[in-house]
Structures are given as structure tokens and as C-alpha cells.
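Trainee: I would like to go through the reasoning behind the descriptive terms used for this model, one term at a time.
Mentor: Then let us look at it together and set each value against its cut-off.

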Amino acid sequence: VLEQDLLVRAGPLLRSHLPPGVWLLVADDNTWRAAGVATEASLRQAGQAFRRFTVEPAPGEATPVADDQKVAAVQGLMQELGCSAAVAVGAGTINDIVKTAADALGKPYAVIATAPSMNGYTSSLSALLSKGVKITRPCRPPVACLVDLDVMAAAPYRMIASGLGDLASKPVSNADWRLAHRLLGDEYPGRVMDLIDAGGALLQGIAGPLRARDVTAVGRLCASLCLSGLAMGLAG
């Protein structure tokens with residue numbers, strides 16, 4: 001769901017998609033301020049039981065990094081509390097940590113987006129620092145992705161620019177893919193390219209308005225990022 005003033009409805013929306021029981025609400029200090037406080041209030045108003053977990057930077061980290069240790073901490077707490085689901089409140093790092101932990105336990109999760117910085121919200125993989133090496137691994141995607149456009153427009157501009165840069169890199173990859181299809185017979189599914197093309201059309205003319213934090217431009221960027229993540233899942 002991509003809307004303005006969305007977090008006030010987060011509780012009812014998530015309760016319609018996640019199972020009953022206790023949920024683990026995961027954020028870092030920055031993402032908690034950006035969206036966690038409002039999400040918590042909505043969950044309480046909806047009568048949903050949850051526990052909060054704050055991801056802290058490890059020694060030597062300025063901000064938290066998605067790695068094996070943080071995944072293990074979230075996974076262990078979900079087991080200890082008997083959580084039926086998890087909710088990630090954040091962007092790439094928090095989403096990848098929670099996505100990986102929930103997948104390992106076979107539990108569903110949802111994500112509350114906090115910045116339009118990458119296309120992994122709706123994807124079926126996570127990126128982790130594992131034993132010092134950056135890897136990607138397949139994971140089940142979220143059952144719900146809530147994108148409050150007011151929150152996204154208020155994100156640090158470098159994160160908004162990062163999301164546009166992520167998508168601007170795709171045409172080169174797609175050209176490589178088509179070349180591999182023509183020369184090597186690799187699969188090139190049309191439905192995936194339809195999603196990518198639709199996402200690309202949303203980006204036309206938004207670069208300038210993004211600098212002004214125009215909500216319509218931010219919304220088109222967020223929609224394109226979500227389509228890109230879905231395309232990744234379809235492509236496998």
C-alpha cells in the first residue's frame with residue numbers, strides 16, 4: 001500500500017495480513033523515530049500484542065549492518081517469545097535482517113518502509129554480510145509492504161537519490177540479460193520485462209521534483225522500486 005498518512009492505519013492493515021499472536025517489531029533508532037512511534041501507536045489502538053526490538057550498531061559500526069549476528073539475535077528473540085510474525089520498520093538493513101530471520105523460522109513478516117533507497121522491500125532475496133563477505137540469499141518476500149509517502153518524502157535526500165540510482169542502473173543489466181537470451185538461450189520472461197518497463201515509465205521526469213521532495217514524484221519512485229522488487233521475485 002502506497003499512500004500519504006498511512007501509518008495511522010498500520011495496525012488494522014497488518015492485522016488483516018499477519019496471523020494473531022505476539023509480533024516482533026524491529027527497528028533501529030533512526031527508523032523508530034521515522035515510523036516506529038506511529039506504527040506502535042496504531043498497533044496499540046488495534047489491540048495487537050507485540051514486543052519491540054532495537055537493532056544496535058556493533059562495535060566499530062556507525063550504523064547497523066545486516067549480518068549473521070543481527071539475524072541470529074532477531075531469530076532467537078522470535079523463538080524465545082513465541083512470535084507468530086515479525087514487522088520490519090526500516091529500509092534495506094532492517095528489512096534484510098527481519099526477512100532473513102523470519103524466513104529461517106518459517107514465519108511471515110511485513111515491512112514498514114522508511115526510505116525510498118533500494119528495491120529490496122518486495123523482493124524475494126536478502127543481502128547480508130556473512131563471515132565478512134557480502135552475499136545474497138533467497139527469502140520469502142513480505143506478506144505486506146506499507147509505504148507512507150510522507151515518511152518517504154522526509155527521508156534523507158541521499159537515500160532518495162540512492163533509490164533513483166538503483167533503478168537507473170537497471171537498463172544496463174536488462175541489456176545484458178537480453179544479450180544472454182539471444183546468444184546463450186537464457187530465459188527472458190516477458191512478464192518480468194513488463195513489470196520493469198512499467199516501473200521505468202514511472203521514473204520519467206521525476207529527478208527534479210525529487211529534490212524538492214515532491215510527494216507525487218516520491219510516490220512514483222516508491223512504486224517503481226516496489227515493481228522492481230516484484231520483478232526480481234518473478235525472475236527467480
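Trainee: What makes the radius of gyration of the chain agree with that of a compact globule?
Mentor: The model is a predicted one, and the comparison rests on chain length: for 236 residues a compact globule would have a radius of gyration near 18 Å, and the chain has 18 Å, so the two agree. The C-alpha trace spans about 50 × 40 × 40 Å along the principal axes of the chain, and the chain has ten helices and eight strands.

Trainee: How much of the chain is buried, and what share of its contacts with a separation of 6 or more comes from residues 24 or more positions apart?
Mentor: Buried residues make up 45% of the 236 residues, while residues 24 or more positions apart account for 73% of the contacts in the chain that have a separation of 6 or more.

Trainee: Why are α3 and α4 called oblique to each other?
Mentor: In general, two packed helices are described by the angle between their axes and the distance between the axes. Here the axes of helix α3 (residues 68-81) and helix α4 (residues 92-105) come within 9 Å and cross at roughly 50°. An angle under 35 degrees would count as roughly parallel, and 65 to 115 as roughly perpendicular; the crossing falls in neither range, and α3 and α4 are therefore oblique to each other. The crossing in which α3 passes α4 is right-handed.

Trainee: Which residues make that contact, and how do they divide by character?
Mentor: On the α3 side the contact is made by Lys70, Val71, Val74, Gln75, Met78 and Gln79, and on the α4 side by Ile97, Thr100, Ala101, Ala104 and Leu105. These residues divide into seven nonpolar, three polar and one charged.

Trainee: How do you know whether Val74 is buried or exposed?
Mentor: Buried means under 20% relative accessible area, and Val74, which lies in helix α3, has 0% relative accessibility, so Val74 counts as buried. Leaving aside neighbours within four places in sequence, Val74 is in contact with Leu24, Val26, Phe53, Ile97 and Ala101.

Trainee: Why does Met118 fall in its accessibility class, although its place is in a loop?
Mentor: Met118 is found in the loop between β5 (109-113) and β6 (125-130), but the class is set by the accessible area: with a relative value of 16%, which is under 20%, Met118 is buried. Beyond neighbours within four places in sequence, Met118 is in contact with Ala91, Gly92, Gly163, Asp166 and Leu225. Of these, Asp166 is 48 residues from Met118 along the chain, with 6.2 Å between their C-alpha atoms.

Trainee: What makes Asp5 and Arg213 worth singling out by their phi values?
Mentor: Asp5 has a positive phi of about 50° although it is not a glycine, and Arg213, also a residue other than glycine, has a positive phi near 60°. Asp5 is placed in the loop between β1 (2-3) and α1 (10-15), and Arg213 in the loop between α9 (207-211) and α10 (215-235).

Trainee: Why is Asp5 put in one accessibility class and Arg213 in another?
Mentor: Exposed means over 50%, so Asp5 at 52% relative accessibility counts as exposed, whereas Arg213 at 33% lies between the two cut-offs and therefore counts as partly exposed.

Technical notes: Residues numbered from 1 in each chain as written. Predicted model: local features only at pLDDT ≥ 70, side-chain atom pairs only at ≥ 80, totals over all residues. Heavy atoms only, no water. Axes fitted to C-alpha atoms, helices over the stretch in contact; angles between N-to-C directions. Helix = DSSP H or I, 4+ residues; strand = E, 2+ residues; numbered from the N terminus. Parallel < 35°, antiparallel > 145°, perpendicular 65-115°, else oblique. Left-handed = near helix turned anticlockwise from the far one by under 90°. Contact = heavy atoms within 4.5 Å. Nonpolar A, V, L, I, M, F, W, Y, C, P; charged D, E, K, R; others polar. Rg over C-alpha atoms; globule rule 2.2 N^0.38 Å. Buried < 20%, exposed > 50% of the residue type's maximum accessible area, 1.4 Å probe, protein only.
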